[in-house]
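Me: I would like to learn how to read a model of this kind, feature by feature. Please take the general idea before each case.

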Amino acid sequence: MPAEPIPALLPQAASWLSRRSWSAADRPVHTLLEAKRRTGHTVSVVLPALDEEATVGDIVRTVRRELMERLPLVDELVVVDSGSSDATAAVAAEAGARVEHRDAILPRLPAVPGKGEVLWRSLLVTHGDIVCFVDADLREFDPVFVSGIVGPLLTEPDIQLVKAMYDRPLETNGAVVPAGGGRVTELVARPLLNLHWPELAGFVQPLGGEYAARRSLLERLPFPTGYGVELGLLVDALEATGLDALAQVDVGVRHHHHQDSQALGRMAATIYRTALERLDRTHRLKASADLVRPLLTQFTRAPETLPRPSAGGTPVFTAHTHPVTAVERPPIHTIPEYATRH
């Protein structure tokens, strides 16, 4: 007899996928405004930015024009600059955002590099009941990236965190590969989630930088300081609230700058280590300290030393070793400065 087919998802994940996946069109803007008026919830939009002068202005102008001036959905628009060497801060301010500088937030605690560090610190300088994070490198930005993911948090009181889902084409050298983006998601994050947190296997874009959550949840979660922040928050939110408190909303197509393969390798290593920390923390992975070496070595060849097969000799490669960081900030409600502000 043929073997029984293996289900593609856990039953609870399949059920979640059908009940907690929506389109932005499912909640018209007038429905969101009525829910906002009824609940009294305020909304903060945060853009973490590092050298994004080419794109941050258009995003800020769109959010301000469409979701603050034309429709009063967003109450606070903040760009947190994490040490840009270009005109990111000036462009964002001119476009209408309030600009905060990473190192000026909680100055008694020296900042460490990383996106998660910026998101964590942003909680200290924002006040919305709902916090919506949007990456600052998006092109052809549509306000539905904000209104779509904020919607369930305004209309569904039991929802705690909402991720955007979208098509992510790979656009490079004038060519477009449909669904070719999100390489770290497909090669690292998705296998990790499917193997270790199969309840989360229904998330289309688990590493996407566009998501919204209730402040009451975010202030209770630790924040990985680097690229592991999206996976870490998703896994920790599952543990803190249960699967049914999480959701995703289809917002269309995401256009953004793509990183080179070595940058993606560093990102992947950080995400993998973030997962290992959580597996160890919950005693779901038997491991000892000597099984984890938190370093990633990559190699480059100088252009002037391209190989010549007939020449022989030692290949000229340069090794670059990068730490795979695992610094995490504690839940923000434990920080005295946060308690005095909220």
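The turns below go through the fold, the central sheet, burial and salt bridges.

Me: What kind of model is this, and how many helices and strands are there in the protein chain?

Reply: This is a predicted model. The protein chain contains 11 helices and 16 strands. Of its 342 residues, 49% count as buried. The chain exposes about 16400 Å², of which carbon and sulfur atoms supply 56%.

Me: What share of the contacts comes from residues 24 or more positions apart?

Reply: Such residues account for 76% of the contacts in the protein chain with a separation of 6 or more.

Me: How should I read the sheet, and what is the order of its strands?

Reply: Follow the pairing from one edge to the other. The order in this open sheet of 8 strands is S1-S12-S7-S10-S5-S2-S3-S4, and the pairing is mixed. S1 and strand S4 (98–101) are the edge strands, each pairing on one side only. On average, neighbouring strands of this sheet are turned by 25° against each other, direction ignored.

Me: Where does the mixed pairing show up, and which strands are parallel or antiparallel?

Reply: Look at S7 and S10. S7 pairs with strand S12 (residues 246–253) in the parallel sense, over 6 bridges. Met165 stands opposite Asp250 in S12. S7 also pairs with S10, here in the antiparallel sense and over 3 bridges, and Lys163 stands opposite Tyr211 in S10. S10 in turn pairs with strand S5 (residues 130–133), antiparallel over 4 bridges. In that pair, Val131 stands opposite Ala213 in S10.

Me: What do the two faces of a strand tell me, and are those of S10 covered or open?

Reply: In a regular strand, side chains alternate between the two faces of the sheet. Strand S10 (residues 211–214) is covered on both faces. Tyr211 and Ala213 are buried on one side, and Ala212 and Arg214 are buried on the other.

Me: Which helix lies across strands S2 and S3, and at what angle to S3 does it run?

Reply: H3 lies across strand S2 (43–49) and strand S3 (76–81). The angle between H3 and S3 is about 165°. Arg65 is a residue of this helix, which spans residues 56–69. With a relative accessible area of 43%, Arg65 is partly exposed. The C-alpha atoms of Arg65 and Gly96 are 9.3 Å apart, while the two residues are 31 positions apart along the chain.

Me: How do I judge burial for a whole helix, and how many residues of H5 are buried?

Reply: Take the helix residue by residue. In H5, 8 of the 8 residues are buried, so the helix is largely enclosed by the rest of the structure. Among them are the charged residues Lys115, Glu117 and Arg121, along with Trp120 and Leu119.

Me: What are the partners of Glu117 and Lys115 in salt bridges?

Reply: Glu117 and Arg329 meet in a salt bridge, at 2.8 Å from N to O. Arg329 lies in strand S16 (residues 328–329) and Glu117 in helix H5 (residues 115–122), so the pair ties together parts 212 residues apart in sequence. Glu117 has 0% relative accessibility and counts as buried; Arg329 is buried as well, at 10%. Lys115 belongs to a network of salt bridges that links it with Asp135, Glu210, Glu230 and Arg254.

Me: How many salt bridges does the structure hold, and which others link distant parts of the chain?

Reply: The structure holds 24 salt bridges. One of them joins Arg20 and Asp158, with the closest N and O atoms 3.0 Å apart. Arg20 is in the loop between helix H1 (11–19) and strand S1 (21–23), and Asp158 is in the loop between helix H6 (144–155) and strand S7 (161–167), so the pair ties together parts 138 residues apart in sequence. Arg20 counts as buried at 11% relative accessibility, whereas Asp158 is partly exposed at 40%.

Another salt bridge is formed by Glu328 and Arg281, at 3.3 Å from N to O. This pair links Glu328 in strand S16 with Arg281 in helix H10 (residues 261–281), 47 residues apart. Glu328 is partly exposed at 25% relative accessibility, and Arg281 is partly exposed at 39%.

Note on methods
Residues numbered from 1 in each chain as written. Predicted model: local features only at pLDDT ≥ 70, side-chain atom pairs only at ≥ 80, totals over all residues. Heavy atoms only, no water. Salt bridge = Lys/Arg side-chain N within 4 Å of Asp/Glu carboxyl O. Buried < 20%, exposed > 50% of the residue type's maximum accessible area, 1.4 Å probe, protein only. Contact = heavy atoms within 4.5 Å. Areas by Shrake-Rupley, 256 points an atom, 1.4 Å probe, with all protein chains shown as cover. Pairing = 2+ DSSP bridges. Axes fitted to C-alpha atoms, helices over the stretch in contact; angles between N-to-C directions.
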